[in-house]
Amino acid sequence: MPYSLQNIRSQFPILASGKLVYLDSASTTQKPQVVIDAITRYYTAENANVHRGAYDLAITATEIFEGTREKIRRFIGAASPREIIFTKGTTESINLVAQSFVRPQLRPGDNVAISAMEHHANLVPWQILCKQQSAELRVAALTPSGELDLNHLAQLLDHRTRILALTHISNTLGTRNPVAEIIRQAHQKNIPVLLDAAQSIAHEAVDVGEMDCDFMAFSGHKMYGPTGIGVFYGKEKYLETMEPYQFGGEMIRTVTFADTTYNQLPWKFEAGTPHIAGAAGLGAAVDFLENIGRENIRQYEHDLLHYATRRLSEVEGLNIIGKAPEKGGILSFTWKNVHPHDISTILNESGIAIRAGHHCTQPLMQLLGLPGTARVSLGVYNTTEDIDRLIAALEKVRGVFG
């Protein structure tokens, strides 16, 4: 490896003791010291509101905030910082697209297309909107291995499809969808595409220009940054025509008692005082990822996933759910008749943190006929030793349940 993994682990204070094996990065990643320092520095030495102050502290805060916007632009290959909107996270970003872009054009008989592997955040907003507008929610099926059925998806897309909303990597199955090809095919039918990149943004290069997606959403806390801040990317040609759906300070240009005109992009969609400290931390998280190198991260986590898959496959009676050949660092599994929550509880006694439950994909679990799964999800701080400790702790589960 071209960088010291031990050095990377040492940058995460919560892992310093060596007691914690954290295997829940799909839920939220741990934070490196540089991110913690950036947030602390903002509150101790740089705290001021942004954009309107003429004094030095306000200018510094604005430079930090807008500097992070430019970092994000470069990080995802967007054409302009005007295309980068700060939100609370993936969920708010998807709701913004639903309310400001799709809702005004969605008519009875129209449809919205998603896949059966979507997180609730990329399902419920569309479900509710379709019910409100008497439109149809179309759901693309999966293959037995947990891949998206591309033929079925193609059949769902037609001249009345107003958007295709799709995850890049499934947070439950780990499946990596061939999004560039799917987007190309959707565009042949003049269908815009929203990409949920929450599970891919920290693990590989995600370039909106190369993929040509129309919208993209992701969260800071899943890319080693703070909670409460995320990013909504949209092509400028769409953002210019969209109306905001939150109103108040910052997003206005002029106000009278009779009327209001909106601010220019990107601030048109950023009502209220933003999460400035979050932006400072997010900027540090981008620097952290770029200093390691996303290709290095992708290769390392690919190798670690292969190792974890092999070790888990050796456990008698354990069944990995989702066996697509192209996967991100996520492994869901069931084990005989042991409930996932019991697995997680016993592993916790050994200092091993995994997720158990439906992972905000209840419809997918219903399709699979499962109450939930245990889920291991990897980050750049994980090692083969972490996996070995997981396997050893699973023997304790076997001991309890026979």
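**Close-up 1. What lines the largest cavity in this predicted model.** Sorted by class, the lining is made up of 5 nonpolar, 3 charged and 1 polar residues. Here's the cast: Glu92 and Leu96, then Pro244, Tyr245 and Gln246, and finally Lys268, Phe269, Glu270 and Ala271. The volume comes to about 50 Å³, and the structure has just 1 cavity of 30 Å³ or more.

**Close-up 2. Thr87 and its surroundings.** Thr87 sits in strand β2, which covers residues 84-87. With a relative accessible area of 8%, Thr87 falls under the 20% cut-off and therefore counts as buried. Its side chain makes a polar contact with the side chain of Ser93 at 2.8 Å, and a polar atom of that Thr87 side chain lies 3.1 Å from the backbone oxygen of Gly89. Look beyond the four places either side in sequence, and Thr87 is in contact with Glu92, Ser93 and Leu96, plus the run Gly228, Ile229, Gly230, Val231 and Phe232. Two of these names, Glu92 and Leu96, also turn up in the cavity lining.

**Close-up 3. Inside the largest nonpolar core.** This core has 61 residues, and the ones touching the most other members are Ile76, Leu164, Met216, Phe218 and Met223. Helix α10 (residues 276-292) chips in the most, with 9 residues. A separate, second core of 29 residues has Tyr300, Trp335, Ile352 and Ile354 among its members.

**Close-up 4. Zooming in on Met223.** Leaving out residues up to four places away in sequence, Met223 touches Thr29, Phe75, Ile201, Ala202 and Phe218, as well as Leu282, Ala285, Val286 and Leu289.

Notes. Residues are numbered from 1 along each chain as its sequence is written. This is a predicted model: local features need pLDDT of at least 70, side-chain atom pairs count only at pLDDT 80 or more; totals for chains, interfaces and linings use all residues. Side-chain values use heavy atoms; hydrogens and water are left out. A nonpolar core is a set of buried Ala, Val, Leu, Ile, Met, Phe, Trp, Tyr and Cys residues joined through side-chain atoms within 4.5 Å. Buried means under 20% relative accessible area, exposed over 50%, partly exposed in between (1.4 Å probe, protein chains only). Helices (H or I, at least four residues) and strands (E, at least two) are DSSP runs, numbered from the N terminus. Contact means heavy atoms within 4.5 Å. A polar contact is a pair of N or O atoms within 3.5 Å; within protein, one must be able to donate a hydrogen and the other to accept it, and residues adjacent in sequence count only if both atoms are side-chain atoms. On a 1 Å grid over the protein atoms alone, a cavity is a set of points where a 1.4 Å probe fits but cannot get out, and a pocket is an open set with protein on both sides within 12 Å along at least five of seven lines; lining residues have an atom within 4 Å of a point. Grid points are joined across faces, edges and corners, and a volume is the space filled by probe spheres set on the points. Ala, Val, Leu, Ile, Met, Phe, Trp, Tyr, Cys and Pro count as nonpolar, Asp, Glu, Lys and Arg as charged, and the others, Gly among them, as polar.
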